[in-house]
2 protein chains.
Amino acid sequence: MKEGPDIAQIGALIGDPARANMLAALTGGRALTATELAGVGGITLQTASSHLAKLEAGGLLAQRKQGRHRYFTLADEAVARLIESMMGFAAGRGHLRHRPGPKEPALRKARICYDHLAGDYGVRMLDSLIASGSIAAVGDGLALTEKGENDLKGIGIDVGALKSSRRPLCRSCLDWSERRAHLAGSLGKALLSSFLDKGWARRTAESRSILFSPEGDRQFLRLFPVEG
Amino acid sequence: MKEGPDIAQIGALIGDPARANMLAALTGGRALTATELAGVGGITLQTASSHLAKLEAGGLLAQRKQGRHRYFTLADEAVARLIESMMGFAAGRGHLRHRPGPKEPALRKARICYDHLAGDYGVRMLDSLIASGSIAAVGDGLALTEKGENDLKGIGIDVGALKSSRRPLCRSCLDWSERRAHLAGSLGKALLSSFLDKGWARRTAESRSILFSPEGDRQFLRLFPVEG
DNA sequence: TTCATAGTTCGATCGTAACCGAAACATCGC
DNA sequence: GCGATGTTTCGGTTACGATCGAACTATGAA
């Protein structure tokens, strides 16, 4: 009766609370050191080291040594998608550690999800792009329209270059705090990058939240209006 | 630092080999008894009972008691999607228990995936529907075209009724054996049901494989041609 | 009623994995 | 070279959970 892929192995890898916390933290897209990850896992450095070795052996993490630090990241986007999808699932069942109250308002307003914008602002951006006809929602998926391609060129996104990569251009990502879709894929990444480059927003040191400057906030809301 | 949904809990639930085997077996869509599940898990009934209780408490399983049997199924489609997505992920990393050789040829040709057709035939059906313009592939997602709606009515699928349900009509499902997409969603389910109703194919007793009759095979291949 | 089958609960055993202290190893700045 | 910081390895403890035998409950059949 044993057939098919071995999901128990990766389930067990994710199943330890300390490891799950580390993976969730790395969903922030930023590379973190072993010491930092020990912090988020609530364990000592030695224990963290052993966990990280297991995660790496299981193919979930990649590490890059740089000087006397060791930076860990998720192995690739597939891992990020897996983690996010499990978060979505868990959130749907009410397996929450904190009730989704108004805590951490900055995190709910705008945060990074691997490499693109999530939270309130992420949802707003996608809604606005769909309303303006820049992105078409068909079934589960998303597609950039010609209008969208032109509009995005206007704000400095080189869509041609993104198209040539083999990573999907548009992807919808369901996030746990909003329970609504926001824009992932290379286009989602490019948009967030452009906001950061323009100085409209910046990442915070120790959290997944994205802080918009007053000016950036104004520009963002102007660029992605929503009716109502 | 503790924020967001608790993925460790469900990871741990899936992380035990016996439980993972049970869940994988239930991906077949058929309700199984505790004794049958003990069999696929390779454990005694007592142990299985304890595992099943945990899975139910975790919201992954639902049970229906019927006479002196207790039938277990996956709690809902979301669970099925989660398991399949983990299988897809694991398969992509080569975490296979069996090398994907030509073993179990019937399983690779046609099998059930929760409630729709997967395997070689599942992939062929979706390819053919796309090639004939019945279904449009846009980005990640799938959408039924007007032509497709008419064509399907011709073979006895009541698309109108499906549309009114809140379950998505078309969904693409990536399966581990082919590594290619096949058709899920209520339409995928309806198509498989119609094949079974027409007597073109039948489910086997103890496996996920679907057996086509010689006549059913002929009809299926005629209905869903592929060039090449 | 009695027997057989299906399943759960209890209790005890056992193995494994998480954990941390201490020490070793590596890299940087001086 | 030296000490300081970051990380891994080793050894030993501990705790949890998977496992199964045995007893118990529930349903159906004779």
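Mentor: A polar contact is a pair of N or O atoms within 3.5 Å of each other. The model to which we apply this term is predicted.

Trainee: How far does a polar side-chain atom of K54(A) lie from a phosphate oxygen of DNA strand C?

Mentor: K54(A) is among the residues that come nearest to DNA strand C. The pair joins a polar side-chain atom to a phosphate oxygen, and it counts as a polar contact because its separation is within 3.5 Å. That separation is 2.4 Å.

Trainee: Which residue has a polar side-chain atom 2.5 Å from a base nitrogen of DNA strand C?

Mentor: The side chain of T44(A) does not answer this, because the polar contact listed for T44(A), at 3.1 Å, is with a phosphate oxygen of DNA strand C. The residue must instead place a polar side-chain atom 2.5 Å from a base nitrogen. The residue is Q46(A).

Trainee: What percentage of the atoms of DNA strand C within 4 Å of the protein belong to sugar or phosphate?

Mentor: Atoms of DNA strand C within 4 Å of the protein are divided between sugar or phosphate and bases. The surrounding surface has three nonpolar, ten polar and seven charged residues. The share belonging to sugar or phosphate is 70%.

Trainee: Which element supplies the largest share of the surface near DNA strand C?

Mentor: Both chains take part: α4 of chain A and α3, α4 and β3 of chain B each supply at least two residues. The largest share amounts to four residues. The element that supplies it is α4(A).

Trainee: Which residue has a polar side-chain atom 2.6 Å from a phosphate oxygen of DNA strand D?

Mentor: The residues that come nearest to DNA strand D include Q46(B) and K54(B). Q46(B) has a polar side-chain atom 2.5 Å from a base nitrogen of this strand, whereas the side chain of T47(B) has an N or O atom 3.1 Å from a phosphate oxygen. The residue at 2.6 Å from a phosphate oxygen is K54(B).

Trainee: At roughly what angle do the axes of helix α7 and helix α11 of chain B cross?

Mentor: Y121(B), R124(B), M125(B) and S128(B) in α7(B) meet D217(B), F220(B), L221(B) and L223(B) in α11(B). By class, this contact has five nonpolar, one polar and two charged residues. The two axes come within 10 Å and cross at roughly 35°.

How values were computed
Residues are numbered from 1 along each chain as its sequence is written. Chains are lettered from A and ligands numbered from 1 in the order in which they are written. This is a predicted model: local features need pLDDT of at least 70, side-chain atom pairs count only at pLDDT 80 or more; totals for chains, interfaces and linings use all residues. Side-chain values use heavy atoms; hydrogens and water are left out. Axes are lines fitted to C-alpha atoms, for helices over the stretch in contact, and angles run from 0 to 180 degrees between N-to-C directions. Contact means heavy atoms within 4.5 Å. Ala, Val, Leu, Ile, Met, Phe, Trp, Tyr, Cys and Pro count as nonpolar, Asp, Glu, Lys and Arg as charged, and the others, Gly among them, as polar. A residue is near a molecule or strand if one of its heavy atoms lies within 4 Å of it. A polar contact is a pair of N or O atoms within 3.5 Å; within protein, one must be able to donate a hydrogen and the other to accept it, and residues adjacent in sequence count only if both atoms are side-chain atoms.
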